[in-house]
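Here are some notes for a colleague who is opening this structure for the first time. Please read them with the sequence and the coordinates at hand.

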Amino acid sequence: MAGTDYKSTLRLPKTDFPMKANLAKREPETLKKWDEANLYSRLMQSRKDAPTWVLHDGPPYANGRVHLGTALNKILKDFVVRSRSMLGYRSPFVPGWDCGGMPIEHKVSRELGSRARTIPKQELRKLCRAEAQKWVELQRQDFRRLGCIGDWPHPYLTMAPEYDAAEIAVLRALVAGGYVYRGLRPVHWCFDCRTALAEAEVEYREHRSPSIYVAFQVNANIGDGGALAKSDADREELRSAHRAGKLFAVIWTTTPWTLPANLGISLNETFDYIALNCGDRYFIVATQLADSVERDCALKVDRRIALARDALKRLDGKDIFRHPFVNRDVKLMYGEHVTADAGTGLVHTAPGHGHEDFTTGQRYGLAPLTPVDASGVFTNEAGQWAGRNVFDSNADIVAHLKSIGALIHSQDLTHSYPHCWRCRKPVIFRATEQWFLNIDHAGLREKIIAEIDKVQWVPAWSRDRIRNMTEVRPDWCLSRQKAWGVPIPAVRCEKCGHVALDDATMARAEGIFGREGSDAWFTRPVSDFIAPGYKCAKCGANEIAKEEDVLDVWFDSGSSQAAVLGRRKELTWPADAYLEAVEQARGWFGSSLVCAVAEHGKAPFRTVISHGLTLDEKGRKMSKSLGNTEDAADAVNRLGADVIRLVYASLDYSADMNLGDTIFNAVSEAYRKIRNTCRFILGNLSDFDPARDEVRYADMLDFDRFMLARIEKLKAACRSAYERFDFQAAYHLVQNFAVVDVSSLYIDVARDRLYCSGEKSRERRSAQTALYWTLDTMLRILAPLIPYTAEEVYAHVPGAKEASVHLLTFAEPRAEWDDSALLSRWDRLLKIRGEALKLLEAMRQAGTIGAPLEATLAVPVDTPLLAQSTVDKHGPLEELFIVSDVASIGDDDAAKLRETAAGRADFNLDGTYVRIVPELSLVLTGRRAPGIKCQRCWCYFDDGGDPELCPRCRAVVRGG
């Protein structure tokens, strides 16, 4: 038989599954097949009797292409939806878009330029609607291309008529509950966008401001200035200083432009105060801040005079300070917001320009003074500064303070300052008349906190973030002075100016909005909305006009729990989960909680999952202005959606993610290994039909049963990971299993049996059975993470199957596979294998062998499965160690070798290589295999029966 081509007798892998992924081409083809098969509807139908589990989609803004950060959010949601479906739930997903508010209007207005100020509101709204719809369509394409499953033909849009109506219904409920009021309060105000902002619409960025210390003279209203001294010995000195007009309260501020609105100075009643004598002037500051004031202002202090707490307290509420440049006296007040973190311990208080200032002023009966208009320009109330932009006036106000001797010190300070989230410009606090939600009405704050404590937060620390924010959040400013959004159906009396939010008017608006959309508010006359005979509740007049403020965009999205969860029959209220970036604690999570708890007394979700942000490799936030990000569509065309998805699965989503070529390349390589592992398995199943060829568990080879036991552990671990939303753990478990358990171990060990054993032999069919169940389990685990590739592989899996891998569930537990004794046995064998490979490598480096099959090994007599290997030259241990023969070492021989070793771990004894591993009580020996090399399987044999083929190969070839 010399010269025979034995390769043709081997059962080598054969598959049409391509090695090269070419995801940019194949993924769209798979997506098209899913569409043609109406996969989402089929999935819902297949789960129609299963328990429902709902993830509610937090709506992204419809104002640009999907970037890597938005992709992270939607892919994580897809992990949840798909894994819940694989866990056996009916998991409907209704995607949504936030179409209203500043993001859209800002973009349209920027394109309109100066026309944006004069264009009719209805025309501007029409342009905004078209702009939003355009991006809805483009983002829908992007999300679908990322492999995200859902009811994409039927999303929810916050600009849809039915949504407008549902939102007004929520507003009606809150008004009826007494939560909504109209008031004059300071709010974040963007004078570029000319609208109020909620806290969630504010970003904090570095900003350079003047940092100034200003002296307010203590006036004659205190009576005897000497009475302020704690010590009798200091009273005359203070009395003289006060009479001479040389006693001052010192404030510190970084907003000089707010000084024209100053109405008082706030102290902390728990602080002690002193007067710093500097030459002929005396400066009052908090005792614990005196050193820092002296240092920062470079003061030359001659002495310090302690002031009496009770003497200061007796002046509470009195106008004892003289404004440095406005002709008025201002109050001494006390407030808990006064801290010793910075400044002087005396806080400049302008109730029209700060939340704490406003609440302090309210306690003292001060109406907020706001001498600033909507464009950020001082009004006539600001006196000499009228007509000037507030920020542009800072330098001149500082200069004026210096010229009148009121400026103690000035320097520039770079600090965190609120900016508008849309135009990125610094904002101001400005008291304006707005609609607010009273967060403390009817114990709402406490109810929300109680609901927060009932919810599962993932990660757990995210609970504290939203809880802490809720504890201190101010009342919610609901109204916006913009054109695009859901209008607040309030009406104004044209005679007395009274503004009312009447239930009958809101009810009519709700009905009309549901039929026509909220544009109707701007096109229909007021008579269509108010009840017949409506009169002003304040003055009785019937000259009524519509107000045109719109609701805060966070009220839009916060109402989704009612408009979507509460109205779509396939969903449930509350949702099982919300998932958004951690910053949504002050955004959608918070607004949804307020709306739901105020109306229903209950949180709209059972679980909240928070994720971090996407950063570049240098840790910088990704932005187009920095040029360190790319659209998701471009990344997908470059890498493939499944690779992008694996990147996100590989990282801890609860923290910020550093993205770039390093992680992209590493995950691309990991994807390649997973794909190649699947391809190898498919190649070895080319002639396998599970219905015909599967070997019963009891008849499988021991190593194959061990593989099934490992699969059982993998199934349980991955199921647990998915149940707790730990996608990183699920990915690393299955990736490690594919690379280590399957490729490095099982394939390496079983390859000879798969290629060389008889086509229909028990040995080969047993290995194929193990591979079949290995692939089946892996595909089900991988399906939520890499849906395109899982589908592509599944199409090549032999046997009868579902139309799609995504119609399956995770593999159910198989009790007989969970064999602890088997796992214990193979744990011992794999440790021996590790040492055997080291021994074989030593033989190779010494030149004794070129490959492991050129060796024979001897192992201790108590080695598991040794009996089978001594009677079968292709037994389990020969297969495990990939050698030509395995024999035993008796206890006496092992003892002699230990004695000969004299403490050595490895040595060569006349061509016998010895390795001793005391911690395993293990002695191994190896020699070059005798006999001749089989020309088919390359193992060595010496039975004399054939010059080219070993006994096994002779039987296979003759039988073939």
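1. Helix 21 and helix 25 meet through their side chains: Ile674, Thr677, Cys678, Ile681 and Leu682 in helix 21 are in contact with Leu771, Thr774, Leu775, Met778 and Leu782 in helix 25. The model is a predicted one. Helix 21 covers residues 661-683 and helix 25 residues 762-782; their axes come within 10 Å and cross at roughly 145 degrees. The crossing of helix 21 past helix 25 is left-handed.

2. Salt bridges come next. The count for the model is 82 salt bridges. Side chains of opposite charge can pair when their charged atoms come close. Three pairs and one network are described in the points that follow.

3. Arg303 and Glu237 form a salt bridge through their side chains, with an N to O distance of 2.5 Å. Arg303 belongs to strand 11 (residues 303-306) and Glu237 to helix 7 (residues 232-243), so this pair ties together parts that lie 66 residues apart in sequence. Arg303 is partly exposed, at a relative accessible area of 32%. Glu237 is also partly exposed, at 24% relative accessibility.

4. Arg304 has a salt bridge with Asp291, and the closest N and O atoms are 2.7 Å apart. Here strand 11, which holds Arg304, is linked to helix 8 (residues 290-296), which holds Asp291; the two residues are 13 residues apart. Arg304 has a relative accessible area of 37% and is partly exposed. For Asp291 the relative accessibility is 49%; buried or partly exposed? Asp291 counts as partly exposed, because the exposed class begins over 50%.

5. Asp752 and Arg952 make another salt bridge, with 2.7 Å between the closest N and O atoms. Asp752 is in helix 24 (residues 727-756) and Arg952 in helix 31 (residues 951-959), so the pair ties together parts 200 residues apart in sequence. The relative accessible area of Asp752 is 28%, which makes Asp752 partly exposed. Arg952, at 16% relative accessibility, counts as buried.

6. Which residues are linked in a network of salt bridges? The members are Asp453, Arg463, Asp464, Arg467 and Glu471.

7. Two open sheets deserve a look. Strands of a sheet pair through backbone hydrogen bonds, either parallel or antiparallel. One sheet has four strands in the order 5-4-16-18, with antiparallel pairing. Strand 5 (195-197) and strand 18 (476-477) are the edge strands; each has a single partner strand, so one side of each is left without a neighbour in the sheet. Strand 16 (residues 428-437) pairs with strand 18 in the antiparallel sense over two bridges. Within this sheet, Phe436 stands opposite Cys477 in strand 18.

8. The other sheet is made of three strands in the order 21-20-22, again with antiparallel pairing. Its edges are strand 21 (499-500) and strand 22 (544-546), each with a single partner strand, so one side of each has no neighbour in the sheet. Strand 20 (residues 491-493) pairs with strand 22 in the antiparallel sense over three bridges. Val491 is the residue opposite Lys546 in strand 22.

9. Leu413 is placed in strand 15 (residues 407-420). At 26% relative accessibility, Leu413 counts as partly exposed. Apart from neighbours within four places in sequence, Leu413 is in contact with His207, Arg208, Ser209, Ser211, Trp252 and Thr254. The C-alpha atoms of Leu413 and Val797 are separated by 66 Å, and the two residues are 384 residues apart along the chain.

10. Thr370 sits in the loop between helix 10 (355-363) and helix 11 (390-403). Is this loop residue buried or exposed? Thr370 is buried, because its relative accessible area of 15% is under 20%. Residues up to four places away in sequence set aside, Thr370 touches Gly352, His353, Glu381, Arg430 and Ala431.

11. Arg568 is found in the loop between helix 17 (560-565) and strand 24 (575-581). Its side chain makes a polar contact of 3.4 Å with the side chain of Asp151. Not counting residues up to four places away in sequence, Arg568 touches Val94, Asp151, His154, Pro155 and Tyr156.

Definitions and conventions: Residues numbered from 1 in each chain as written. Predicted model: local features only at pLDDT ≥ 70, side-chain atom pairs only at ≥ 80, totals over all residues. Heavy atoms only, no water. Pairing = 2+ DSSP bridges. Polar contact = N/O pair within 3.5 Å; in protein donor to acceptor, adjacent residues only side chain to side chain. Contact = heavy atoms within 4.5 Å. Buried < 20%, exposed > 50% of the residue type's maximum accessible area, 1.4 Å probe, protein only. Salt bridge = Lys/Arg side-chain N within 4 Å of Asp/Glu carboxyl O. Axes fitted to C-alpha atoms, helices over the stretch in contact; angles between N-to-C directions. Left-handed = near helix turned anticlockwise from the far one by under 90°.
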